[in-house]
Amino acid sequence: MPEYIVIGKIIAAFIAAGVLAYLFTPHVKRFAQKIGAIDVPKDNRRMHREPIPRLGGLAIFGGFLCAILIFGKLDQQMLCVLLGAIIIVVLGMFDDVMALSAKLKFVVQIVAAAIPVCVGGLQIRLFTNLNPFSVEPYFHLGIFAIPVTILWIVGITNAVNLIDGLDGLAVGVSSIAAITMLAVALLTGEMLIAVTMGALAGACIGFMPYNLNPAKIFMGDTGSTFLGYMLATISIMGLFKFYAVISFAVPFLILGLPIFDTTNAIIRRVAAGRSPMSPDRGHVHHKLIDMGFNQKQAVAILYAISATLGLTAVVLTSSGEVKALVLLLAVLVAILVGACVIYGTEHWGKHTAEDTARADEGKEDAENE
């Protein structure tokens, strides 16, 4: 197929998904209000103060699905991915209305991930061997390919869901990730993936006017888990196929923010003796709010971080392996420094507050004497 036709399909899928998602959202909002899918702020984890409808993910899913059915290529693997996505969306709808248990959601997510993996053959079979003493250039997963792939899909599905804590954050980060995957797909000739990511990015951007601060509707678990699922599965279709150093680095960079936040959340909760699925107010966006940034500023910072990681992934795709390794090392150092700044500031702030309180107490005691 001529290149200009493919580019035209990508643009058409992007525009169609965006326009449809934008048009669907008001109808979804009314539907959410009718069935009681409302997010009522009950604790300090919520940044909003007024009840806001959920289920906005239905508009994203509807716009994406229509664009894919028109402009995409529905082979067996893509059909399996879409079937799994439908299961994820239905699960999210029930969760947005009834608040399902974490265990039930986890089981259904595994089933949804297993469909493209076991039926569609969507598997991470190998990636670059990082052992410098090995003569094998690639590490073959063998029988572990299926569980590792399912773990990746379920993990990213929940990672995107976990960062959905500020107006416009998850949908914006997902848009950046989709656009990055689109760019990488164009550079590597994966045109089916490019069209799919064009539709996903368009659907996200079409929904954003209703979701940016102050949000008129939330996408809920219906949207965040759907976006995580699609980003995870499509990354396997394209990004893990590179038989070079980028096969390992590129997907982790594109999805770096949700991966970092989720990993940190699991470690933090387990270290505190709690379930890794238990909610708390320790995510990166919460840290930024606690540091004094407002919602729009915090979201802008996290957008910038995601865009930087995405740009790095694109550069890795188009550079040689030596340059790629150097760039990857620099990015990892930058991430480490940034994490130390965010969490170090919080730690220092706590100690400063404690020291001030002690000083005030000492001053009061001296005055009383």
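At what angle do the axes of helix α5 (residues 145-162) and helix α10 (residues 256-271) cross?

**View 1. Crossing of helices α5 and α10.** The two axes cross at roughly 90° and come within 8 Å; axes are lines fitted to C-alpha atoms, for helices over the stretch in contact, and angles run from 0 to 180 degrees between N-to-C directions. The helices α5 and α10 are therefore roughly perpendicular, the class for 65 to 115 degrees. On the α5 side, W152, I156, A159, V160 and L162 meet P258, I259, D261 and T262 of α10, where contact means heavy atoms within 4.5 Å. The contact comprises 7 nonpolar, 1 polar and 1 charged residues (nonpolar: Ala, Val, Leu, Ile, Met, Phe, Trp, Tyr, Cys and Pro; charged: Asp, Glu, Lys and Arg; polar: the others, Gly among them). The model is predicted: local features need pLDDT of at least 70, side-chain atom pairs count only at pLDDT 80 or more, and totals for chains, interfaces and linings use all residues. Residues are numbered from 1 along each chain as its sequence is written, and side-chain values use heavy atoms, with hydrogens and water left out.

**View 2. The tilted ring pair Y22 and Y210.** Among the 3 aromatic pairs found in the whole structure, Y22 and Y210 have ring centres 5.2 Å apart and planes at 40°, so the pair is tilted. Rings of Phe, Tyr and Trp (its six-membered ring) pair if their centres lie within 6.5 Å; planes under 30 degrees apart count as stacked, over 60 as edge-to-face and the rest as tilted. Y22 belongs to helix α1 (residues 3-35) and Y210 to helix α7 (residues 191-211), 188 residues apart. Y22 is partly exposed at 41% relative accessible area, whereas Y210 is buried at 15% (buried: under 20%; exposed: over 50%; partly exposed: in between; 1.4 Å probe, protein chains only).

**View 3. Helix α2 and an aromatic cluster.** The end C-alpha atoms of helix α2 (residues 57-71) are 21 Å apart, in agreement with the 21 Å expected for its 15 residues, the expected span being 1.5 Å times one less than the number of residues. Helices (H or I, at least four residues) and strands (E, at least two) are DSSP runs, numbered from the N terminus. The buried residues of α2 include F61 and F64, which ring pairs link with F226 into a cluster.

**View 4. Loop residues with positive phi.** L55, in the loop between β2 (52-53) and α2, has phi near 75° and is buried, at 0% relative accessible area. A99 has a phi of about 55° and counts as exposed at 61%.

Conventions: Angles under 35 degrees count as roughly parallel, over 145 as roughly antiparallel, 65 to 115 as roughly perpendicular and the rest as oblique.
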